[in-house]
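Colleague: Hey, have you got a minute to walk me through this one? I'd like to pick a few spots and ask about them.

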Amino acid sequence: MTRLRHVTKPQWLRRGRLLHVIVACGVLVVVGTTALRAQVTFDRILRGDTDKQDWLTYSGSPTGQRHSPLTQITPDNVKNLELQWVFQVRSLEKFEATPLVVDGVMYTVQAPNDVIALDAATGRVFWVYPYIPSPLSRLCCGRVNRGLAILENTLYMATIDGHLLAIDAKTGGLVWNVTVSGARAEAGYSFTTAPLIVKDKVIIGTAGGEYGIRGFLAAFDAKTGREAWRFHTIAGPGEKGTETWAGESWKIGGGSIWVTGTYDRDLNLTYWGIGNPGPDWNGDVRAGDNLYSDSVVALDVDTGQLKWHFQFTPHDVYDYDSVQVPVLADISWQDSMRKVMLFANRNGLFYVLDRTTGQFLLGKPFTKVTWNSGLDDKGRPQNMVPLTEDGVLVYPGVQGATNWYSPSFSPRTGLFYVPTWVNTYSTFTKRPVEYKEGQRYTGALPAMPIRLLTPGPAINRRRPEEGSGAIQAIDPKTGVKKWEYAMSDVVDAGVLTTASDVVFSGGREGYVFALDARTGTMLWKANVGGPASNGPMTYAVGGRQYVAFAAGNAMFVYALKQ
Amino acid sequence: MPMRISVLTLVALTLAAPVWAQGHGYMPADIENGGLLYQANCTACHGPDGDGVPGINLGNGKFRRGTSDDEIAKIILGGVPGTAMPPNSFSESQAGTIVAYLRSLATSPAGGPTIPGDTRRGRTLFEGKGRCVSCHSVAGIGGRTGPSLTEIGSSRRAGDLQRALLDPSADIRSDSRQVRAVMRDGATITGRLLNQDTYTLQLMDSSGRLRLLDKATLKEITILKESPMPSYKDTLDAQELADVVAYLRSLRGRP
């Protein structure tokens, strides 16, 4: 800005010759453009759906659609994709972060909490901001991080030891580091989600649902890190819903948040999926529906006030976190346009809700479901299967029919794309459980025939009846599956769609691939040698479209051959 | 005759094992996963029966420093300061499967021969009458269609070994599964299933060749539920069974 002011001084024009004026104007344009493009305004984030260059928030836009307007890569030419660069991380943790790309610079996180800036066209590293989290951190499922947020020139990262950091996107230097109130790492509070930027606020939620936390979502002033509001995901005394918790079970009731929510600018609401109640697999101590666990909540983004909620799995005893991305779409519903939310839940049902009111519109299984006998007209599950001390076999299994990995909605095809664990099951057994701070507060670990995700090579010797994976395309108007791309092994990767009708995803068996968004036909695949583990994203640099996947302990970036 | 009764009793106990596993929430695959981790990481000190460290017996379900699954998992992860028990880098879920395996040790029939076996006689039976070496190798000598047994004594308990000898199909570990692939021209390939994905199948065929088959060229893939290993229920008497088990227990990967 100093140079900008300097070159605009009037004496420059009075003293200089025409050439000087031309040079000065050139400098003005270059400097001015750089300064201007470096500003990631919230308005720019809001326009993510039409941004043909950058990827500015976790799901690409605040709608959560993970749909890109880029069209250079098409169903016809996607077979010509060529590996451009690979970024190998130092960490052996799972690589679950979705990167951001701003003006040719990619920002991502090396688990657990190192921030890295790379050249998005070549993968060369500009800088690394190292962060060593407290060894007292308690993580149920790996020391992972799912990404960053950016506003203006500042990156935001929430850490596994309860901090929120602001980092200069140019230099990699720390701007501020706040300890989030109450997020004690030793008690199981952690942050693994990518923050969501709405207006001038940074919104994050706490993980730790397996440690007897009391979950919350909190908004922070982006400039100062000062907390603006907080919403408790577990209703306490004086709050609506407190009657759904027996005794003082709300104090350690879980309700974690570990996947980024969404935002509707017209309604001024932000939507977040809430995790399981605790203890996970024994609900005896928490009689009641346990609000707002396993729910989606709609909050006024300025105040954090609850506008509505919808609970998918009341009094959950299966660990069916509802943290999936609440995808916002405007679709024709019974002959008129309607603002809806599309939600493929870990509990095996696909839901359509009215996102203005929370009204239940549709709920249908998208894989084998045995934990209930159906939904009533309000969407409440009926005849839920209780756990016993002898164990009960339930579909879907403890990892769910889908999980944290992102779905996608294409406004072009009108279809909703869901990474799915097909016909997987677990045996759930009720065992006594006692709360001790910092220890798992879960009950008996359910058993399943499928191993949890690890970054190494996947070995699959299962029989077909022991479960498999798929990318499914669902028509939101009916809940009917339009097509399915079946995989031998399960899937831990998100789905990306593009305006050229290409679906990108990957599977545990080590392929990343492209499908035809209208038919599910396999168009391209590459064996990258490790389980695909994040949500694919796409961006452009210099007019060239790139697609990035994380798999194993590396990120693989492709573009069309030149 | 008394020996025959003993063998039949053990068969009954073997058949009961999976029922227990499901009844208490740990499915066989869960226990198996934990068992593989245990065998790879813990047996060097604790031994396959969990009694390798003096004063500690993980195999009887009694733990000095914890009772709940979570407490035991925490010890597995964090170690015991001031002792030889180190912290480990398992995920908590992995630690949970190890707990499941240890629980199964305590409740599944420890079994094993009730009479002492002779290692030398067992080796003779293994290489002779039993014809075990036609499929299994020890120290690189023998067949390859079955798993190598060079280190089997480090990872499997006497009861496990005896059950496998008597009823090989009762509990086929996933690393011992056999697969039959039928080509479009009707040709059949049978072998040990090594891995698979959506497009390919990896196996070791009956000649010991590592093969990758394109699923598009196959018209049928079947993972077999019967083990190709014969039962030794009628082939070996109780003493011979004890001898073979003793020999297998002596195989610890060292000359």
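Colleague: Which residue follows α4(B), and is its phi positive or negative?

Modeller: That's B:G79, and its phi is positive, near 75°. Keep in mind that this is a predicted model, so that angle is computed from predicted coordinates.

Colleague: And the helix itself, is α4 of chain B buried or exposed?

Modeller: Helix α4 of chain B covers residues 69–78, and 7 of those 10 residues are buried, so the helix is largely enclosed by the rest of the structure.

Colleague: Which residues in α4(B) are the buried ones?

Modeller: Starting at the front of the helix, they are B:D69, B:D70, B:E71, B:I72 and B:A73, and then come B:I76 and B:L77.

Colleague: OK, zooming out. What does chain B look like overall, in helices and strands?

Modeller: Chain B has 9 helices and 7 strands. It has 255 residues, and 48% of them are buried. On the outside, chain B exposes about 12600 Å², with carbon and sulfur atoms supplying 56% of that area.

Colleague: What about contacts between residues far along the sequence in chain B?

Modeller: If you take the chain B contacts with a separation of 6 or more, 60% of them are between residues 24 or more positions apart.

Colleague: How many domains does the assignment give chain B, and where are they?

Modeller: Domain 1 is 7–107, domain 2 is 119–171 + 229–250, and domain 3 is 178–223. Notice that domain 2 is written as two segments.

Colleague: What separates the centres of domains 2 and 3 of chain B?

Modeller: Taken over C-alpha atoms, the centres of those two domains of chain B are 27 Å apart. Their contact takes 4 residues from domain 2 and 5 residues from domain 3.

Colleague: How much area do they bury between them?

Modeller: Domains 2 and 3 of chain B bury about 300 Å² between them, and 55% of that is on carbon and sulfur atoms. On the domain 2 side, B:R144, B:T145 and B:P147 supply 96% of the area buried against domain 3.

Colleague: Switching to chain A. How do β9 and β10 run, parallel or antiparallel?

Modeller: Antiparallel: β9 (residues 163–168) and β10 (residues 174–179) of chain A are joined by 5 bridges. A:I167 stands opposite A:L174 in β10(A). The two strands form a hairpin with 5 residues between them, and A:G172 in the turn has a positive phi of about 80°.

Colleague: Where does A:S293 lie?

Modeller: A:S293 is in the loop between β16 (269–273) and β17 (295–300) of chain A.

Colleague: Is A:S293 buried or exposed there?

Modeller: A:S293 is buried, because its relative accessible area is 0%. Leaving out residues up to four places away in sequence, A:S293 touches several residues, including A:T233, A:N276 and A:Q311. The C-alpha atoms of A:S293 and A:I234 are 6.8 Å apart, although the two residues are 59 apart along the chain.

Colleague: Last thing. What are the confidence scores like?

Modeller: The model scores ipTM 0.84 and pTM 0.85. Chain A has a mean pLDDT of 92, with 93% of its residues at 70 or more. Chain B averages 81, with 85% of its residues scoring at least 70.

Colleague: Where does the pLDDT stay under 50 in chain A?

Modeller: Over residues 1–36 of chain A. In chain B, the pLDDT is below 50 over residues 1–25. Where pLDDT is low, the predicted coordinates should not be read in detail.

Notes. Residues are numbered from 1 along each chain as its sequence is written. Chains are lettered from A and ligands numbered from 1 in the order in which they are written. This is a predicted model: local features need pLDDT of at least 70, side-chain atom pairs count only at pLDDT 80 or more; totals for chains, interfaces and linings use all residues. Side-chain values use heavy atoms; hydrogens and water are left out. pLDDT is the predictor's confidence in each residue, from 0 to 100. Contact means heavy atoms within 4.5 Å. Helices (H or I, at least four residues) and strands (E, at least two) are DSSP runs, numbered from the N terminus. Buried means under 20% relative accessible area, exposed over 50%, partly exposed in between (1.4 Å probe, protein chains only). Accessible areas come from the Shrake-Rupley method with a 1.4 Å probe; for residues, only the protein chains shown count as cover. Two strands pair if DSSP finds at least two bridges between them. Domain bounds come from an automatic or database domain assignment. Buried area is the accessible area (1.4 Å probe) that two parts lose on being put together, summed over both.
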